[in-house]
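Me: Could you take a close look at the ligand site in this one for me? I'd like to know what surrounds the ligand and how it is held.

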Amino acid sequence: MSPDQSTADTVPALVLNDGHPIPQLGFGVFQIPPPDTEAATTTALGIGYRHIDTAEMYQNEKGVGLAVARSDLDRSEVFVTSKLNNGFHRPDDARRAFDKTLGELGFEFIDLFLIHWPLPTLYDGDFVSTGEVLVEFQADGRARSIGVSNFQPHHLDRLRTNSDVVPAVNQIEVHPYLTQNDLRAYDADHGIATEAWSPIAQGKVLGDPTIRAIAAGVGKTPAQVVLRWHIQRGDIVFPKSVTTSRMQENFEIFDFELAPGDMDRITALNRDERTGPDPDTFDYVPT
Ligand SMILES: NC(=O)c1ccc[n+]([C@@H]2O[C@H](COP(=O)([O-])OP(=O)(O)OC[C@H]3O[C@@H](n4cnc5c(N)ncnc54)[C@H](OP(=O)(O)O)[C@@H]3O)[C@@H](O)[C@H]2O)c1
């Protein structure tokens with residue numbers, strides 16, 4: 001079957017520093033229970049999403065892979081990301097974990113594979129050799145693009161100084177209460193695309209009076225306004241929802257534009273407030 005033209009037409013693609021295109025809007029599957037993931041992903045693909053963000057840690061790669069395989073889309077039409085789990089930073093463990101990820105997904109290759117967390121307090125702080133293993137996956141063609149997640153500038157500096165690893169993306173927490181202007185600027189200065197996780201702060205920003213007022217002014221919902229703000233800042237987003245109407249709502253953000261003044265009002269809501277862990281101290285290793 002031919003690709004869904006509405007998707008190709010409406011969701012912009014950014015070009016990563018390795019030349020590969022990535023749809024700027026995707027669908028995240030964090031906290032979707034494994035038995036529900038195939039159905040949710042199938043619904044997302046039906047709406048037009050062509051970019052799915054999963055991770056070994058979410059334990060639902062299999063559902064993502066089944067949804068892609070059982071759709072009438074070619075594998076090449078869906079951009080899929082997964083991430084190395086925190087227990088597998090040592091090179092041989094990372095190699096085994098990556099094999100398992102491809103096996104769970106049922107894929108020959110993955111579009112993007114990330115180091116999920118830097119874990120600077122574990123493994124003697126050595127995420128550099130972990131990054132070098134990801135380069136092997138890219139060299140043998142099984143990972144089209146490679147990158148990192150939750151890396152701070154000093155982590156990226158260390159990676160650059162001690163290796164030839166060139167991350168295509170840095171996936172970090174970003175939303176109106178955590179605008180991450182400095183880290184995003186660092187990424188941009190080094191040709192790294194920023195992916196904004198928890199783009200609506202898991203719903204926490206949707207009741208904000210400023211966001212609600214802007215939404216009323218443009219005739220859109222608060223979630224659409226916040227996602228549009230990310231898109232206009234140039235970041236990549238993949239909101240999660242198991243609610244079909246919200247999945248549809250989150251997809252309809254390309255038929256309006258926020259004025260510069262509204263963009264600035266949203267950015268000014270920053271409180272440096274995380275919903276998730278601090279990357280410098282996070283040391284959770286699932287058992
Ligand atoms: N790299 C990392 O460390 C990391 C960490 C966290 C997340 N992520 C990625 O980022 C993705 C998104 O982040 P997230 O899942 O934490 O949070 P999110 O997308 O900011 O928010 C998801 C929550 O918002 C609700 N929601 C979604 N759309 C809505 C709408 N239009 N109106 C009202 N509520 C809405 C969802 O509810 P329902 O599902 O009940 O509809 C869910 O409770 C994840 O799925 C994952 O792929 C990565």
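What follows is a walk around the ligand site, with a short look at the whole chain at the end.

Reply: Sure. Keep in mind that this is a predicted model, so every distance here is read off predicted coordinates. Let's start with where the ligand sits: the space it takes up is the largest pocket. Around it there are 28 residues, and the ones that come nearest are D53, S198, K240, S241 and T243.

As for the make-up of that shell, 13 of its residues are nonpolar, 10 are polar and five are charged. Helix α10, spanning residues 244-251, gives the largest share of the shell, namely three residues.

Now for the side chains that reach oxygen atoms of the ligand. T243, already listed among the nearest residues, has a side-chain N or O atom 2.6 Å from a ligand oxygen. R246 puts a polar side-chain atom 2.8 Å from an oxygen of the ligand. W197 joins in as well, with 3.4 Å between an N or O atom of its side chain and a ligand oxygen; the cut-off for a polar contact is 3.5 Å. On its own the ligand has 900 Å² of accessible area, and the protein covers 88% of that.

Stepping back to the chain that builds this site, you'll find 11 helices and 10 strands. Its C-alpha atoms fill a box of roughly 55 × 45 × 35 Å along the principal axes. The radius of gyration is 18 Å, which agrees with a compact globule, because 287 residues packed that way would come out near 19 Å.

Definitions and conventions: Residues numbered from 1 in each chain as written. Predicted model: local features only at pLDDT ≥ 70, side-chain atom pairs only at ≥ 80, totals over all residues. Heavy atoms only, no water. Near = heavy atom within 4 Å. Polar contact = N/O pair within 3.5 Å; in protein donor to acceptor, adjacent residues only side chain to side chain. Areas by Shrake-Rupley, 256 points an atom, 1.4 Å probe, with all protein chains shown as cover. 1 Å grid on protein atoms, 1.4 Å probe; cavity = no way out; pocket = protein on both sides within 12 Å on 5 of 7 lines; lining within 4 Å. Sits in = over half its atoms within 2 Å of the grid points. Helix = DSSP H or I, 4+ residues; strand = E, 2+ residues; numbered from the N terminus. Nonpolar A, V, L, I, M, F, W, Y, C, P; charged D, E, K, R; others polar. Rg over C-alpha atoms; globule rule 2.2 N^0.38 Å.
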